Amino acid sequence: MKYNRKEFLKIAGKFVLIGGFAKILKANKLFAAVAGKPVNKEYDIKSNLWGYGIDISKCIGCGRCVDACKKENNVPKEPFFFRTWVERYGILENGEVKVDSPNGGLNGFTDKYKDEKLVKKYFVPKICNHCEHPPCVQVCPVGATYTTPDGVTLVDRKYCIGCRYCIQACPYGARYLHPKLHVADKCSLCYHRITKGLLPACVEVCPVKARIVGNLKDPNSEIKKFLNANDIQVLKPHLGTKPKIYYKGMDKEIF
Amino acid sequence: MKYSYKDYKHLLRLLAIFLLGVGVFLIARALFTPASFGEFGHYRGDSLRENMGFAAEYAGMAACKKCHEAVYTKKSKSKHKGLSCETCHGPALRHSLEPKKEKIVKPGSKDLCHLCHSINSVRRKDFPQVDFKKHNPGEDCLACHDSHDPL
Amino acid sequence: MDEIIRVLFEYLGKVQGFIYPNEIELHWSILIVLYPFITGLVAGAFILASLERVFNVKEVKPTYRLALLTALAFLLIAPMPLNIHLGHPERALEILFTPHLSSAMAIFGFVYIWYLMVVLVVEIWLDYRKDIVILAQSEKGIKKYIYQAMALWSYNISPEALELDDKIGKFVTIIGVPSAFLLHGYVGFIFGSIKANPWWSSPLMPVIFIFSAMVSGIALVMLIYMIVSWLRKVVIDMNCLDTIGRYLLYAFIIDFSLETLDLIHRFYESNEAFGALAMLMSGKLHISLLIVQIALGTLVPITLLSIIQLIKVKPEIRKPMYFSAGMLTLIGIFAMRWNVVIGGQLFSKSFRGFTTYKLELIGKEGLMTAAALIILPVIILAVLIYLFPPFAKETGE
């Protein structure tokens, strides 16, 4: 399996080799940021606070986000490791709630309920909630998972001891133990992308704009408009974790 | 004083060993704590930069425009305007940097279109879905629909 | 990696209902069951020892040193299951160098070192110093040097020095009792403070852990005392055994009351997770919770111990009754740790389904490792008994 860092160095190396090509690309600032240097120095961490919106009423359950996330972040392909996944809910007339997420929705969904009469139905994308009071960070014994000043909860792969306490503490099942690196892993909101002006991979590939991301400190950002224009709910609000993943169109059966 | 030095000499030695232990611990701690620890909070500041520096795979739709202007403009006026190029073509950052070397797949319609357009009772009704068993079965979707401008 | 993937595919077929996809892997295995079990034994054994020293229960004197050595032997092994279980054992020291103070687990390193070095080792050293000095002068060869080093090359055993030792020893024991509570109470807190997990999240958890620790530790020392006496072919001090049995019963009644209270509270509150937890208790944990932990591991020993209190039973019958009560208690407390640790991970945090856990025989987190980790302290205890004969005083009398 490839490792992100190695992979990065490889690409960076190649990039130096094709210097001529690089000159053309430099015109495109975005590009230079992605491939030319690891850290975008122009990124001002203090003026950002990342929030993320999910519009359940738009999601069509194509699973492209799950696929893109795994490819972007080198998430193991087996169906036990997800930084994001999509759940399918179908509520029958008698009130029975059917929920599933075969392979996290990565291969889309077959028409399993075509013979049932569903009174309500929806696809629900899930990711790490990047809580304001993250229980995972609270319990990490060594400081290997943390919330950045711009509100993203990250994992330090070089420092995590792999005790898995954070996995136990997460109410959302958003974390897993990376089977190869033996450290906790989870959605990073594509921190390497958002800090360079790119969208997270899941947002980039979503065909129906069911996922939006933006700066909560910027009153004109897409996420701010989304929050102001809609009725918003978060997952498991009673736990007091204060998620920064905001759902529109959330039904009571979703948790 | 009831006790003389020789009565608690062994205790002082024990104390010395403990103090030595504490000293060794403090030195080891100073040596092994990463330099950037505590820069932003109770974690390695370098970790934040490492996370920023991870390699990307997806280039973003804006990147394709420069070289695939025609497809880009066609698509942006089509029913598929909301779709990113990489939704169908997969990660293409490396391709964007070295198009000659890093080929990307042209997806076949077989495994692609059904993800979004196959009829599904949980999918919202206002989304265009076709029954693959009835809608021109056996034929390639691309024979009638251009993926960059489906209708 | 392939091994874990193979196991996970096996689990995948056994998932019931809906669980979040990341939840198929059960993260804390039998090794993490062992950890609270072992620290519980340590804390319990120490509290039994302190009965004599602090609370002046003179009857248990024959087990005083044995209890301390038992506590030490098990405490030395206590961090091993944790360390083996870590994804990166080589990074374990970070927990001491950069402890994250809001994490219950971060305190582990310090509580452990405090308890091992400041409480147990010092107490044992002070209590044994006279023996060590005598041995340092009488033994030959390599053993002589070992004892000399242990005496810190200071051989003063004048009455004044010993009196001082005794005073400080008593002080250390007094500190030791709350430390033992801390050692195990905090293990309970590790689980009790996880609000995401309704099976764990309970302020009663640390208290239940402390009392169950006392129960298991007292039972263990009682068993070891009986076995060692039998091996040494000396008569068991029935007065001592009866006293231990009585304290075991007291601790057990408090422990069982607390656990019942916890259960009643869950039933009465019936919060959002109750459906899943009720299914857990009647389903996956049926045998280990209702039959092994509650019936066999709690009610039977409590009954046996109560019978001895209520009616006069002959010593020849009391002994096997104590022995079986002790064994069942240990099994019951182990089942309790199992039900907390494994049980708490079997249900999904969506409360809609269950994953599964299969104990492998071999492998890093298999049954063999667990068995080795239980046998190892017993071997260490044998070595400690050999190095520091706990019976010297008795035979001298």
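Begin by selecting chain B of this predicted model, and colour separately its domain 1, which covers 11-52, and its domain 2, which covers 61-143. With both domains of chain B in view, place a marker at each C-alpha centre, and the two centres will be found 53 Å apart.

Keep chain B on screen and add chain A, showing the residues at their shared boundary: 66 residues of chain A are in contact with 46 residues of chain B. The area that chain A and chain B bury between them is about 4800 Å², and carbon and sulfur atoms account for 61% of it. Across this interface there are 2 salt bridges, and one to display as sticks is that of K158(A) with E50(B), where the closest N and O atoms lie 3.0 Å apart. Polar contacts between chain A and chain B amount to 19 residue pairs, counted with both residues at pLDDT 80 or more. On the side of chain A that touches chain B, select helix α1 (residues 4-17) of chain A, which supplies the largest share, 6 residues. Colouring that side of chain A by residue class should show 36 nonpolar, 12 polar and 18 charged residues.

Next, hide chain A and bring up chain C against chain B, where the contact takes 19 residues from chain B and 24 residues from chain C. Chain B and chain C bury about 1900 Å² between them, with 69% of that area coming from carbon and sulfur atoms. A search for salt bridges between chain B and chain C returns 0, while the polar contacts between these chains number 12 residue pairs, both residues being at pLDDT 80 or more. The side of chain B that touches chain C is made up of 10 nonpolar, 3 polar and 6 charged residues.

Return now to chain A and select strand β11 (residues 245-248) together with strand β1 (residues 50-55); the two run parallel and are joined by 4 bridges. Within this pairing, D55(A) stands opposite K248(A) of β11(A). Adding strand β10 (residues 232-233) of chain A shows an antiparallel pairing with β11(A) through 2 bridges, in which Q233(A) has Y247(A) as its bridge partner.

As a last stop, consider the salt bridges, of which the structure holds 43 over all chains. Show the side chains of D185(A) and R157(A), which form one with an N to O distance of 3.5 Å. This pair links distant parts of the chain, 28 residues apart, since D185(A) lies in strand β8 (residues 184-185) of chain A and R157(A) in the loop between β6 (153-155) and α6 (165-169) of chain A.

Definitions and conventions. Residues numbered from 1 in each chain as written. Chains lettered and ligands numbered in written order. Predicted model: local features only at pLDDT ≥ 70, side-chain atom pairs only at ≥ 80, totals over all residues. Heavy atoms only, no water. Pairing = 2+ DSSP bridges. Domains from an automatic or database assignment. Contact = heavy atoms within 4.5 Å. Buried area = accessible area lost by both parts, 1.4 Å probe. Salt bridge = Lys/Arg side-chain N within 4 Å of Asp/Glu carboxyl O. Polar contact = N/O pair within 3.5 Å; in protein donor to acceptor, adjacent residues only side chain to side chain. Nonpolar A, V, L, I, M, F, W, Y, C, P; charged D, E, K, R; others polar.
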